[in-house]
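Trainee: Could we go through this model together?
Mentor: Certainly; please bring it up.

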Amino acid sequence: MRLTLTAALLLATASPAVAQTVHQYGSLAIAPTGDRIATVESGTGHGVVTVRSVADGRVLRTIDPCATCSYSGLTFAPNGDLVFLVRDAGKVRLTYADARATRTIATIPGIAQTPRVSPDGRRIALLVTLGAAKEAGATQAGVRMVGEIGEKNDEQRLAVFDIASPAATVVPVSPAGRYVYEYDWTPDGRGFVATTALGNGDNNWWVATLDAIDAQSGAVRPIARPATQLNQPRVSPDGRTVAYIGGLMSDFGSIGGDVFTVPIAGGTPRNVTAGATSTVTTIDWTTAGLRTVTLAGDQMQWGTLVPGRPVVPGFARAASASAGDGRAVFSADGRVAAAVVQDYAHAPAIFAGPIAAVRQITHDNDAAPALAAARSIGWKNEGHDVQGWLLAPPNAPAGKAPMITIVHGGPSAASTPAYVYPTSLNAALLKAGYYVFLPNPRGSYGQGEAFTAANRRDFGGGDLRDILAGIDAVERVAPIDDKRLGLGGCSYGGFMAMWANTQTDRFKAIVAGAGLSNWVSYYGTNGIDQWMLPFFGKSMYDDIKAYEDVSAIYHAGKAKTPTFIYVGERDIEVPPTQSIEWWHALKDRGVPVSLVIYPDAGHCVPAPDQSADVRERAIAWFDRYVKTAR
């Protein structure tokens, strides 16, 4: 449940209109030697594979074998050749590019992701879903719920291909019935470490285990069954230890927590960053040791991790850093790093170089307009250090102004600086004269694992109090009119928007996207019920009162704030029935309410045309009830 209302609408930035003005960098990869990077770059819609020099950002080569295709999954081979995926017409081609030519290694009849070349450079491993019924991931639009349900699931499995001999067919190595989420080659090339789960891949990541998979037989050997969710398994160069990021995470791909290590032979994982007051979001195990990206309050830091010691930062910036899949990348020796960096006023740029002297090497977006002035806001509440971001128009209006608070999804996530695109909700709100407040209350990343876990069995409790205290903190330093406040969010942010309507009358209007109004009915109708167990401790059937206590529907009599609700018809994570229940409750109580269900849409309605409609309706709703409030 990680998307926020803002993040969902930012997905519209992939539209051609936006691509014409902002250069995009996706699927960033770095050569093992650290001298080159590769990205999928676009400025007019169609992306091309672009290889650049780390020294100065100069374009060394472009690769574009199919003008109608999309590219993803860039990775370098040990010898510096490039591997990537080409997608077109319902098939994916695993592609190998040396200095002279580009050739197809295999064609996958379905979807695929995460190619990785073996340490000896002779094979490529790939996650494949043959005959996929939907895109991978629970946030994607689900299949129609007709016929006998629950009997057939997409299976993402590991396949291995010989670089020298193109494959006529695709035969997965890992066993049927086991979904593979992430993996890493072992240094000897004999197998993999992976996060896997039996059964439905959308639903079971929260109970995934750390396993070893033999590259020849596909035999699976358990390494550990962590007590937390886990991401980014990485094998040490000597092949003896596995490291991973472990923590309370509410979505696959929303990564944050502590760093754990465990012998590859098996054992009890050890937390090597226990007690840290920051959140690790990326790890990589280089020949020089573990490299990390860490979110510490409002700072994104890249550094070196020595187990048992604080992370030694090499680069820090109040900005978001990603590589197209949410991480930075490091050279094989760990001396060079690269990431796509942005903040609220600066469009994406590639930063790269020695880890202690990373610098901007691309300037395609230097002229992109700054549509927001951002300020980090810190406050204390109930013993917690809390942080958020306040956005103001570059030319803020005179006198006091209205403000909209946008709550991020998750809850295990964080609002971090991302460029305010002209087609985003943030841009529309700022243009309309609103300040925008993006709080990171307890349950968020950035203040350590204890802070992330602080809203366990307390949804809408301490985190809502943190948000209200944050609004007070903003009003002490900015000209905000307390009588003209609005609230919005999607996914967990949608829950908070619905729930807040029953807890406070401070807001004059609410926009709730893909929200949860009834945790009891939600448990039995959503496609990812396993995510709730780490947060509630027990299933709804074993502890129904805990689910009733935080359900807005049980407190509908206290709701008075006008609410616009939107949701996707095929949302797996939060089915539209949750929005229908809340719409019905508010309508029955005489509260102004509007509900739009978008056809065929997935979680938080990501399609550009539909999200544009959401944005237009949201602005109109806030203008009607917030801007004119007295």
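The conversation below concerns one helix residue, a hairpin and a sheet.

Trainee: What should I know about the model beforehand?
Mentor: This is a predicted model, where local features need pLDDT of at least 70, side-chain atom pairs count only at pLDDT 80 or more, and totals for chains, interfaces and linings use all residues. Residues are numbered from 1 along each chain as its sequence is written, and side-chain values use heavy atoms, with hydrogens and water left out.

Trainee: Where is Ile471?
Mentor: Ile471 lies in helix 6, residues 462–477 (helices, H or I, of at least four residues and strands, E, of at least two are DSSP runs, numbered from the N terminus).

Trainee: Is Ile471 buried or exposed?
Mentor: Ile471 is buried, because its relative accessibility is 0% (buried means under 20% relative accessible area with a 1.4 Å probe, protein chains only).

Trainee: Which residues does Ile471 touch?
Mentor: Leaving aside residues up to four places away in sequence, its contacts include Met403, Phe437 and Arg506 (heavy atoms within 4.5 Å).

Trainee: Changing topic, how do strand 29 and strand 30 run?
Mentor: Strand 29 (residues 373–381) and strand 30 (residues 384–392) are antiparallel and joined by nine bridges; two strands pair if DSSP finds at least two bridges between them.

Trainee: What do strand 29 and strand 30 form?
Mentor: They form a hairpin with two residues between the strands, and Glu382 in the turn has a positive phi of about 55 degrees. Lys380 stands opposite Asp385 of strand 30.

Trainee: And in what order do the three strands of the open sheet come?
Mentor: The order is 9-10-11, with antiparallel pairing. Strand 9 (110–117) and strand 11 (157–162) are the edge strands.

Conventions:
Buried means under 20% relative accessible area, exposed over 50%, partly exposed in between (1.4 Å probe, protein chains only).
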